[in-house]
Amino acid sequence: SDITDDLSSRYLTPNQQKIRNVIINQKSFLDPKFIQSNLISNITFPLFFIDFETFSSAVPDIPGTKPYQAIPFQWSCHIQTNSNLPNSLSHHEYLHSTPKTDPRQMFLKTLVKVL
């Protein structure tokens, strides 16, 4: 038996019924009213979009680190200050470029300065 046979909608909560319908009908569910009232209307600016990269090594190059420890070395951040203004998005970034040195302190200092 499969999920369509086992789950009668009379035993399911409204959210479970939505999930069941998505599975049975193989169609996504999107609730625009929920998105507007619970997500979009609650956004406060500025918005920060952060991405970062790490590296790891089986044989650590940086004193005090462990094998395969994730070491952050690069970040980028887009900051949106207002939803209605064109050009309200700014870009900031950091890339550690000195080999065999620990990037973590400058990674944090530069990121905190932007935030």
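Start your tour at the largest cavity, which has a volume of about 70 Å³. A cavity here is a set of points, on a 1 Å grid over the protein atoms alone, where a 1.4 Å probe fits but cannot get out; the points are joined across faces, edges and corners, and the volume is the space filled by probe spheres set on them. What you have open is a predicted model, in which local features need pLDDT of at least 70 and side-chain atom pairs count only at pLDDT 80 or more, while totals for chains, interfaces and linings use all residues. Residues are numbered from 1 along each chain as its sequence is written, and side-chain values use heavy atoms, with hydrogens and water left out.

**Stop one: around the cavity**

To see the lining, select F55, S56, S57, P60, D61, I62, T65, K66, Y68, Q69 and I71; lining residues have an atom within 4 Å of a cavity point. How many cavities of 30 Å³ or more does the structure hold? The count is 1.

Stay with Y68, one of those lining residues. Y68 sits in the loop between β1 and β2. Its phi is near 65°, a positive value in a residue other than glycine. Most residues other than glycine have a negative phi. Y68 counts as exposed because its relative accessible area is 58%; the cut-offs are under 20% for buried and over 50% for exposed, with partly exposed in between (1.4 Å probe, protein chains only).

**Stop two: the sheet**

Now switch to a cartoon view and find the strands. Helices (H or I, at least four residues) and strands (E, at least two) are DSSP runs, numbered from the N terminus. In the order β1-β2-β3, 3 strands form an open sheet with antiparallel pairing. Two strands pair if DSSP finds at least two bridges between them. Which strands are at the edges? They are β1 (47-55) and β3 (89-95), each pairing on one side only. On average, neighbouring strands of the sheet are turned by 15° against each other, direction ignored.

Follow the pairings one by one. β1 and β2 are joined antiparallel by 9 bridges, and 7 bridges link β2 to β3, also antiparallel. Select S76 to see both sides: S76 is the bridge partner of D51 in β1's pairing with β2, and in β3 the partner of S76 is E93. Beside that, W75 stands opposite Y94 in β3.

Next, click on H91, which lies in strand β3. Leaving out residues up to four places away in sequence, H91 touches S76, C77 and H78; contact means heavy atoms within 4.5 Å. Is H91 buried, partly exposed or exposed? H91 is partly exposed, because its relative accessible area is 39%. For a longer view, draw a line from H91 to N38: the two are 53 residues apart in sequence and 28 Å apart in space, C-alpha to C-alpha.

**Stop three: the core**

Bring in helix α4, which lies across β1, β2 and β3 and runs at about 10° to β2. Axes are lines fitted to C-alpha atoms, for helices over the stretch in contact, and angles run from 0 to 180 degrees between N-to-C directions.

Then select W75, C77, I79, Y94, F107 and L111, the 6 residues of the largest nonpolar core. Such a core is a set of buried Ala, Val, Leu, Ile, Met, Phe, Trp, Tyr and Cys residues joined through side-chain atoms within 4.5 Å. β2 (71-80) and α4 (104-114) each supply at least two residues of this core, and β2 gives the most, with 3 residues. In soluble globular proteins, nonpolar side chains tend to be buried together.

Y94 is a good residue to centre on. Apart from neighbours within four places in sequence, Y94 is in contact with F73, Q74, W75, P103, M106, F107 and T110.

**Stop four: loops**

Between β3 and α4 you will find S97 and K100. S97 counts as exposed because its relative accessibility is 62%. The phi of K100 is near 60°, positive in a residue other than glycine.

Move to the loop between α3 and β1, where P46 lies. A cis peptide bond joins F45 and P46, with omega about 5°. Most peptide bonds are trans.

Finish at L30, in the loop between α2 (14-25) and α3 (32-39). L30 is exposed, because its relative accessible area is 63%. L30 and I40 are 10 residues apart in sequence and 14 Å apart in space, C-alpha to C-alpha.

Key
On a 1 Å grid over the protein atoms alone, a cavity is a set of points where a 1.4 Å probe fits but cannot get out, and a pocket is an open set with protein on both sides within 12 Å along at least five of seven lines; lining residues have an atom within 4 Å of a point.
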